Amino acid sequence: MTDPIQQASNLISTARSVVVLSGAGMSAESGVPTFRDAQTGLWERFAPEQLATERAFRAHPAMVWTWYMWRWHLVHGVAPNAGHTAIGQWQQHLAKTQGSLTVTTQNVDDLHERGGAQDVLHLHGSLHAFRCIDCDRDAAFNPMTMELGPDQEFDEANLMSPAACDYCASGMLRPGVVWFGEALPHFTFETAIEKLQSADLVVVIGSSGLVQPAASLPMIGRDAGAAIIEINPRATELSQTADVYIASTAAVALPKLVSEVL
Ligand code: APR
């Protein structure tokens, strides 16, 4: 039985049109909690229906806003890991050799970009984007103007009100993330599908594959004839059908794999 790293290296060395699909596990080694990992996952500690829906925001705007300010500051305080950097290098290498690599992520952090990746497709929006919940206009807002408590933790006793919309004045700003029950950004999702339909390799990193429609994307690549590599320390539903499943972490496996082609 060939070593999965060797099998994956063989696929990577010949791939010309790659799509990387990443989830929260991609940023775990940077210190950003995932959603569903036991004990540490955000949804193990907080209730998604109280923090990640429009209804929750309208019912408790300060609670939801403060929670996203906490997540923004957390991400701001960490650095991309070796996995993010390896993907950035691989993308540059393929761009120089008439190939292409598209990063499509469920993550709302900017660690792929800080790791050197260009034109990242954020399927679930971004912590760095803001818009008015009423007039829907995009708004420039700097979360550095909102200080968390000294321990930089989310503190229900120390809530901050959402910033007001400069245009309609009645509206509050909301984070530009996709909340449960909301549609994915249309152009971003359509572009991801397009890239998958012409891919020869799909690399799925750090996703439980439990949230649709993102969880169905690898199969669009498969239907177009692409090979699938999955990197995740814990097997998922995809692990059975992937061409290669690597039971490892993003920051350990990716530098090893990418160093083969660089
Ligand atoms: N490297 C690679 N994978 C990892 C690592 C790591 N260091 N650490 C954990 N993982 C894996 C876990 O085994 C798990 O399968 O990452 C996965 C994280 O799964 P989730 O927490 O469910 O995150 P994700 O799949 O991105 O969630 C999808 O759900 O809550 C919504 O909008 C949110 O985008 C999110 C979506």
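Which side-chain oxygen reaches to the backbone nitrogen of Gly83 at the start of helix 7? In the structure you have in front of you, it is a side-chain oxygen of Asn81, which comes to within 2.7 Å of that nitrogen.

Before I go on, a word on the basis of all this. The model is predicted, so local features need pLDDT of at least 70 and side-chain atom pairs count only at pLDDT 80 or more, whereas totals for chains, interfaces and linings use all residues. Residues are numbered from 1 along each chain as its sequence is written, and side-chain values use heavy atoms, with hydrogens and water left out.

Let me stay with helix 7, where helices (H or I, at least four residues) and strands (E, at least two) are DSSP runs numbered from the N terminus. Helix 7 covers residues 82-96, and at 1.5 Å a residue its 15 residues should span 21 Å, which agrees with the 21 Å between its end C-alpha atoms; the expected span is 1.5 Å times one less than the number of residues. Its buried residues are Gly83, His84, Ala86, Ile87, Gly88, Trp90, Gln91 and Leu94, and here buried means under 20% relative accessible area, exposed means over 50%, and partly exposed lies in between, with a 1.4 Å probe and protein chains only.

After helix 7 comes Gln98, in the loop between helix 7 and strand 2 (100-105). Gln98 has a positive phi of about 60 degrees although it is not a glycine, and at 72% relative accessibility it counts as exposed. Gln152, in the loop between strand 5 (138-139) and strand 6 (173-177), also has a positive phi, of about 55 degrees, and is not a glycine either; Gln152 is partly exposed, with a relative accessible area of 37%. As background, most residues other than glycine have a negative phi, and most peptide bonds are trans. On that second point, the peptide bond from Gln212 to Pro213 is cis, with omega near 5 degrees, and Pro213 sits in the loop between strand 7 (201-205) and helix 10 (217-223).

Helix 6, residues 61-76, passes the same kind of length check, since its 16 residues should span 22 Å at 1.5 Å a residue and its end C-alpha atoms are 22 Å apart. Of those 16 residues 12 are buried, so helix 6 is largely enclosed by the rest of the structure; among the buried ones are Trp65, Trp67, Trp70 and Trp72, together with Arg71 and His73. In helix 1 (residues 4-14) we find Ile12, which at 2% relative accessibility counts as buried. Ile12 and Asp200 are 188 residues apart in sequence, yet their C-alpha atoms are 9.8 Å apart in space.

Now to the charged pairs. The structure holds 7 salt bridges, each being a side-chain nitrogen of Lys or Arg within 4 Å of a carboxyl oxygen of Asp or Glu. Arg58 forms one with Glu54, the closest N and O atoms being 2.8 Å apart; both residues lie in helix 5 (residues 54-59), 4 residues apart, about one turn of the helix. Arg58 is partly exposed at 42%, and Glu54 is partly exposed at 30%. Together with Asp134, these two residues are linked in a network of salt bridges. Arg114 pairs with Asp110 at 2.9 Å between the closest N and O atoms; Arg114 is partly exposed at 35%, whereas Asp110, at 18%, counts as buried. Finally, Asp136 forms a salt bridge with Arg131, at 3.0 Å between the closest N and O atoms, and Arg131 counts as partly exposed at 23%.

I will end with the ligand. There are 22 residues around it, of which Arg36, Trp43, His124, Ser208 and Asn232 come nearest, a residue being near if one of its heavy atoms lies within 4 Å. The shell divides into 8 nonpolar, 10 polar and 4 charged residues. One oxygen atom of the ligand is 2.7 Å from an N or O atom in the side chain of Arg36, an oxygen atom is 2.6 Å from an N or O atom in the side chain of Ser208, and a nitrogen atom is 3.0 Å from a polar backbone atom of Ala250. Taken alone the ligand exposes 740 Å², and the protein buries 93% of that, the areas coming from the Shrake-Rupley method with a 1.4 Å probe.

Terms used:
Polar contact = N/O pair within 3.5 Å; in protein donor to acceptor, adjacent residues only side chain to side chain. Nonpolar A, V, L, I, M, F, W, Y, C, P; charged D, E, K, R; others polar.
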